[in-house]
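Welcome to a short set of exercises with worked solutions. Have a look at the sequence and the 3D view first, then try each task before you read on.

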Amino acid sequence: MSEGIRCMWMRAGTSKGGFFLAEDLPEDIPTRDAFLLRAMGSPDPRQIDGMGGADPLTSKVALVSKSEREGVDVDYLFLQLFVDQPIVTDSQNCGNMLAGVGPFAIERGLIVATREETRVAIFMENSGQVAVATVRTPDGTVTYAGDAEISGVPGTAAPIPLAFRDTAGATCGALLPTGNGVDEINGVAVTMIDNGMPCVVIAASDMGITGYEDRDTLDADGAMKARIEAIRLKAGLRMNLGDIAEKSVPKMMLVSPPREGGAIAVRSLIPHRVHASIGVLGAVTVATACLIEGSPAAALARVPEGRTKSLGVEHPTGTTECVVTVDEHGQPTEAGMLRTARKLMDGTVFG
């Protein structure tokens, strides 16, 4: 496709990618995906011929449209573009890119800013969930400047609180797809859980690591990653995800006791490379696993008292603070966190 398409490039949470109005892209999905792969520069490990940053965290796309759903402002479809394969998948959400949807929708005129802050109800098409983002809009325009800090992003920016509704079982049909807080796969105790992101939670020590290693060290451990992938393939079937050999879910979460004052430490595989930090919904799901009696995470976590629990999920670049509210039976009813975003470029991208 020689003609360009209007696009805004944003850093959203700890991810980066292109934000498009859905109506601006081809309706035919193969044609759309071919354009996006060209625009991103995939498949190529360096993505040298496109906008991608040679990392799954910077090879992402958000499609946004005005919603016709009651009580919802915009619809958001997340697409993960593989770096070194010609694959575009919508099999998961991205809570980091979600942080850019509210500002983008306001900037594109899909909704009108209200007062100093504008609440944007967002339907996440990947999972059928609704999230509410609160965007700072002084004088009726989006501001990206502020004093909020998040781990994995230098400097500060305007805070964008995200509140998730009905996240439990959004993809797998139940918070615990097997009905168990702990199962065994290949002789290893695991928790298969979905509170916005399908995850398999495993004690890092069961994989022969401490769980405090850096990303490069873990990425170089081919034997460990092969063992984890063997577990993941079996877990996908049990989690109602089918054959997940070419899917990016479930994520694999290796947990350890916290060392920096948080609730739990984690190293996340997404799924074949180690995450530089952790995804938003992955962090929420791991935090929830800390509340599941008998789970590998619960055995290692430091969990505060009360119905509303602030749980810091420690990862290679800092700590992601999650807030999980539980009912009288200890079941999660709402989860949320703080993110930021910044507009990097607004213009035309070519495929």
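## Exercise 1: Two residues with an unusual phi

Arg115 is exposed, with a relative accessible area of 77%. Keep in mind throughout that you are working with a predicted model.

**Task.** Find where Arg115 sits in the chain, and say what sign its phi has.

**Solution.**
- Step 1: Locate the residue. Arg115 belongs to the loop between α2 and β6 (117–124).
- Step 2: Read its backbone angle. Phi of Arg115 is about 55°, a positive value, although the residue is not a glycine.
- Step 3: Set this against the general rule. Most residues other than glycine have a negative phi.
- Step 4: Try a second case. Asn240, in the loop between α4 and β12, also has a positive phi, near 65°.
- Step 5: Check its surface. Asn240 has a relative accessible area of 53%, and because exposed means over 50%, Asn240 counts as exposed.

## Exercise 2: Two cis peptide bonds

**Task.** Work out which residue joins Pro250 through a cis peptide bond, and which one joins Pro271 in that way.

**Solution.**
- Step 1: Recall the general rule. Most peptide bonds are trans.
- Step 2: Go to Pro250, in the loop between α4 (222–238) and β12. The bond from Val249 to Pro250 is cis, with omega near 0°.
- Step 3: Go on to Pro271, in the loop between β13 (264–269) and α5. Here the partner is Ile270, and omega is about -10°.

## Exercise 3: The surroundings of Gln80

**Task.** Decide whether Gln80 is buried or exposed, and find which backbone oxygens lie 3.1 Å from a polar atom of its side chain.

**Solution.**
- Step 1: Place the residue. Gln80 is part of strand β4 (residues 74–81).
- Step 2: Judge its accessibility. The relative accessibility of Gln80 is 7%, and buried means under 20%, so Gln80 counts as buried.
- Step 3: Look for polar partners. A polar atom of the Gln80 side chain lies 3.1 Å from the backbone oxygen of Pro56. The backbone oxygen of Ser59 is likewise 3.1 Å from a polar atom of that side chain.
- Step 4: Widen the view. Leaving aside neighbours within four places in sequence, Gln80 is in contact with Pro56, Ser59, Lys60, Ile87, Val88 and Thr89.

## Exercise 4: The largest pocket

**Task.** Describe the largest pocket: what is its volume, which residues are closest to its centre, and which element gives the largest share of its lining?

**Solution.**
- Step 1: Start with the volume, which is about 540 Å³ for the largest pocket.
- Step 2: Move to its centre. Among the 35 lining residues, Pro56, Gln80, Ser248, Ile270 and Pro271 are the closest to it.
- Step 3: List the elements. Two or more lining residues come from each of β4, α2 (95–107), β12 (251–256) and α5 (280–289). The largest share, three residues, is given by α5.
- Step 4: Sort the lining by class. There are 16 nonpolar, 13 polar and six charged residues.
- Step 5: Take a second look at α5. Ten of its ten residues are buried, including Val280, Gly282 and Thr285.

## Exercise 5: The cavity

**Task.** Find how many cavities of 30 Å³ or more the structure has, and which residues line the largest cavity.

**Solution.**
- Step 1: Count. The search of the whole structure gives one cavity of 30 Å³ or more.
- Step 2: Give the space. The largest cavity holds about 40 Å³.
- Step 3: Name the lining. It consists of Pro103, Val135, Arg136, Val142, Thr143, Tyr144, Ala158, Pro159, Ile160 and Ala341.
- Step 4: Sort by class. Eight of these residues are nonpolar, one is polar and one is charged.

## Exercise 6: Looking for disulfides

**Task.** Find how many disulfides the whole structure has.

**Solution.**
- Step 1: Search the structure. Zero disulfides turn up.
- Step 2: Check Cys199. Its nearest cysteine sulfur, that of Cys172, is 9.1 Å away, and because a disulfide needs the two sulfurs within 2.5 Å, Cys199 is in none.
- Step 3: Check Cys290. The nearest cysteine sulfur belongs to Cys322, 9.2 Å away, and Cys290 is in no disulfide.
- Step 4: Add the accessibility. Cys290 is buried, with a relative accessible area of 4%.

Notes
Residues numbered from 1 in each chain as written. Predicted model: local features only at pLDDT ≥ 70, side-chain atom pairs only at ≥ 80, totals over all residues. Heavy atoms only, no water. Helix = DSSP H or I, 4+ residues; strand = E, 2+ residues; numbered from the N terminus. Buried < 20%, exposed > 50% of the residue type's maximum accessible area, 1.4 Å probe, protein only. Polar contact = N/O pair within 3.5 Å; in protein donor to acceptor, adjacent residues only side chain to side chain. Contact = heavy atoms within 4.5 Å. 1 Å grid on protein atoms, 1.4 Å probe; cavity = no way out; pocket = protein on both sides within 12 Å on 5 of 7 lines; lining within 4 Å. Points joined across faces, edges and corners; volume = space filled by probe spheres on them. Nonpolar A, V, L, I, M, F, W, Y, C, P; charged D, E, K, R; others polar.
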